[in-house]
Amino acid sequence: MRSIVLYMHMHQPYRVKNYNIFSVGHDHDYWTEKDWYSGTNNKRIFEKVAKKSYIPMLAKLGKCLEEYPKFRFSLSLTGDFVEQAQAWAPEVIEALQKLVATGRVEIAAETYYHSLAFFYDREEFEAQVEKHREMVRELFGVTPAVFRNTELAYNNDLAKWCDEHGYKGVIAEGWDKVLEGRTPNAIYRPEDCKYTKLLCKNYHLSDDIAFRFADKTWSEWPLTADKYLSWLEKDANEGPIINLFMDFETFGENIWEDTGIFDFFEEVVRKWCAEDNRDFMTLSEACDGFVPAGTVSMPWTVTWADEARDLSAWLGNSMQHEAMKNLYDLREDVLATKDKALIADWRRLSTSDHPYYMSTKYLNDGSVHGYFSPYDSPFDAFLYYMNVLRDIRERVEEHQTLKSEE
C-alpha cells in the first residue's frame with residue numbers, strides 16, 4: 001500500500017493598517033482600515049479569500065470525502081484565521097466542523113498566532129500552543145496530536161520539545177541538505193527523540209501544485225492529473241508515503257479557479273483512490289502506521305520558505321531583528337497589565353507575517369515577498385509596525401501609572 005499524506009495550512013494575518021506616528025497615543029485600533037480597497041483592509045481580504053478559496057475548496061473536500069472512502073487529509077488553522085472566519089465568514093467554520101466530524105480530517109497543533117515565539121520566548125510559545133489547543137477542542141472536539149511550527153520552522157530543539165510534550169509527530173521541510181540523499185517518502189525519528197516521529201514534506205511534488213501549476217513558462221505546463229499521477233507513482237516506489245504539504249489558499253486564491261486547479265485536485269484524488277494499493281492517510285495515521293526508516297538531525301533551523309529554506313525570510317535584516325526584539329522585550333510588562341485587549345493586540349503583533357513584510361530580499365524571493373505584502377515597501381511595513389509598538393508601550397505605561405497611584 002502506498003499513501004498520500006495531504007496536509008494544508010489555513011492562515012490569514014491581521015495586517016497592521018497604515019498607522020502613522022500621529023496616531024500613537026490615541027488610536028488603539030491597529031487592525032481596522034477605513035479604506036475598503038486598502039491592502040490592509042482585513043475584512044475585505046478575508047471575504048475575498050473565503051469566496052475564492054475557503055468556501056469552494058471546503059466544498060470540494062467535502063465532496064471527495066463523500067465519494068471516495070479512502071480519502072482523508074490533515075489541516076492546521078491559526079487563531080488569527082479562526083477569529084476572522086467567525087467574524088466575517090462563519091460558514092467557513094461550519095464547513096470545517098462538518099469535515100472534522102467525519103473522523104477523516106485531522107487538525108494539527110501549532111501556535112495560535114502563527115508566531116516565531118519558539119525562537120524568542122519559550123514561555124510565550126507554550127502559552128500560544130495551549131491557547132490553540134483549547135480553541136481546537138472547543139470548536140472541533142478533538143485534541144491535536146501532531147505538531148507543525150510556524151512556516152515549518154524546525155530544528156532538533158523543536159523535535160525534542162515535541163517529544164517531551166507527547167506529540168506523536170512533527171512535520172518539516174524535506175530539504176535535500178538535511179535528508180542527505182534519503183527520500184522524504186518515509187517516516188523518520190528526530191535525533192534524541194524517543195516518541196515523536198518526523199514527517200518531511202516532499203517539496204518537489206508539493207510545489208509542482210502550489211507554485212508551478214499555473215506557470216505557463218514551466219516546461220511541464222500544463223500539469224494534467226495523469227501527468228501528476230505518473231510522478232506520484234514513480235515517487236511511491238521510494239517509500240510508503242508521499243507527504244504533500246501546502247497552503248490551503250493554493251486552491252482558488254494563489255492559483256485561480258479558471259486554471260482548472262479544483263478539477264485537477266478532484267481528478268487526482270479520484271484516480272489515486274481507484275487503485276487497490278493506493279490510499280490517503282492523516283498525519284497521525286502515518287505516524288501510527290510506520291516504523292521510522294532512520295534518524296534525521298537538523299541542528300540548524302529549516303523552513304519551507306524561499307530558496308535558502310531558513311529564517312532569513314523573517315529575520316534577514318536589521319529591521320526585522322529590531323522589530324522582533326522590541327516586541328518580545330515588552331512581553332512581561334504587557335502580561336502584567338492583565339488587560340485582555342492589550343495582550344491580544346500584542347500577541348497579534350507576534351504573527352510572522354509582520355516581519356515577512358519587512359523583507360528586503362531581491363530576485364525571485366523578493367518578488368514573492370512583494371506579492372504578499374500589503375505595503376508599498378518593507379520600510380513602510382517596519383514604520384507602521386514600530387508605531388504600533390510605541391502605542392502598545394504607552395498603553396503599558398498608563399497601566400503602570402494607574403497601579404502606582406493605587
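**Cavities and salt bridges: a short tour**

Let me start with a small empty space: helix 15 (353-357) and helix 17 (378-405) each supply at least two residues of the lining of the second largest cavity. Before we go on, please keep in mind that this is a predicted model.

So, which residues line that second largest cavity? They are Val16, His354, Tyr357, Met358, Tyr375, Ala381, Tyr384 and Tyr385. Helix 17 gives the largest share of this lining, with three residues. If we sort the lining by class, we get seven nonpolar residues, one polar residue and no charged ones. The volume of this second largest cavity is about 40 Å³.

How many cavities of 30 Å³ or more are there? The count is two, and the largest has a volume of about 120 Å³. Its lining is made of 13 residues, and those closest to the centre are Leu6, Ile209, Leu244, Phe265 and Val268. You can find them in the structure above and look into the space between them.

Where does the lining of the largest cavity come from? Strand 1 (2-10), helix 8 (225-236), strand 8 (241-247) and helix 9 (261-273) each bring at least two residues to it. Helix 9 has the largest share, four residues. By class, the lining of this largest cavity has 13 nonpolar residues, with no polar and no charged ones.

Please remember helix 9, as we will meet it again in a moment. Let's turn to charged pairs.

The structure holds 28 salt bridges, and I have picked three for today. In one of them, glutamate 253 pairs with lysine 52, and their closest N and O atoms are 3.5 Å apart. This pair links distant parts of the chain: glutamate 253 sits in the loop between strand 8 and helix 9, lysine 52 sits in helix 1 (residues 42-67), and they are 201 residues apart. Is glutamate 253 buried or exposed? Its relative accessibility is 12%, so glutamate 253 counts as buried. Lysine 52, at 25% relative accessibility, counts as partly exposed.

Now for another pair that reaches helix 1. Aspartate 263 forms a salt bridge with lysine 60, with 4.0 Å between the closest N and O atoms. Here too distant parts of the chain are linked, since aspartate 263 belongs to helix 9 and lysine 60 to helix 1, 203 residues apart. The two partners also make a nice contrast: aspartate 263 is exposed, with a relative accessible area of 54%, whereas lysine 60 is buried, with a relative accessible area of 13%.

This pair has company as well. Which residues are linked in a network of salt bridges? Lys60, Lys63, Glu67, Asp263 and Glu266 are.

My third example is the salt bridge in which the side chains of glutamate 110 and arginine 148 meet, at 3.7 Å from N to O. Glutamate 110 lies in the loop between strand 3 (105-107) and helix 4 (122-140), and arginine 148 in the loop between strand 4 (146-147) and helix 5 (156-164), so the pair ties together parts that are 38 residues apart in sequence. How accessible are these two? Glutamate 110 is at 0% relative accessibility and counts as buried; arginine 148 is at 0% as well, and counts as buried.

To look back briefly: we saw two cavities of 30 Å³ or more, and a structure that holds 28 salt bridges. Thank you for listening!

Technical notes:
Residues numbered from 1 in each chain as written. Predicted model: local features only at pLDDT ≥ 70, side-chain atom pairs only at ≥ 80, totals over all residues. Heavy atoms only, no water. 1 Å grid on protein atoms, 1.4 Å probe; cavity = no way out; pocket = protein on both sides within 12 Å on 5 of 7 lines; lining within 4 Å. Points joined across faces, edges and corners; volume = space filled by probe spheres on them. Nonpolar A, V, L, I, M, F, W, Y, C, P; charged D, E, K, R; others polar. Buried < 20%, exposed > 50% of the residue type's maximum accessible area, 1.4 Å probe, protein only.
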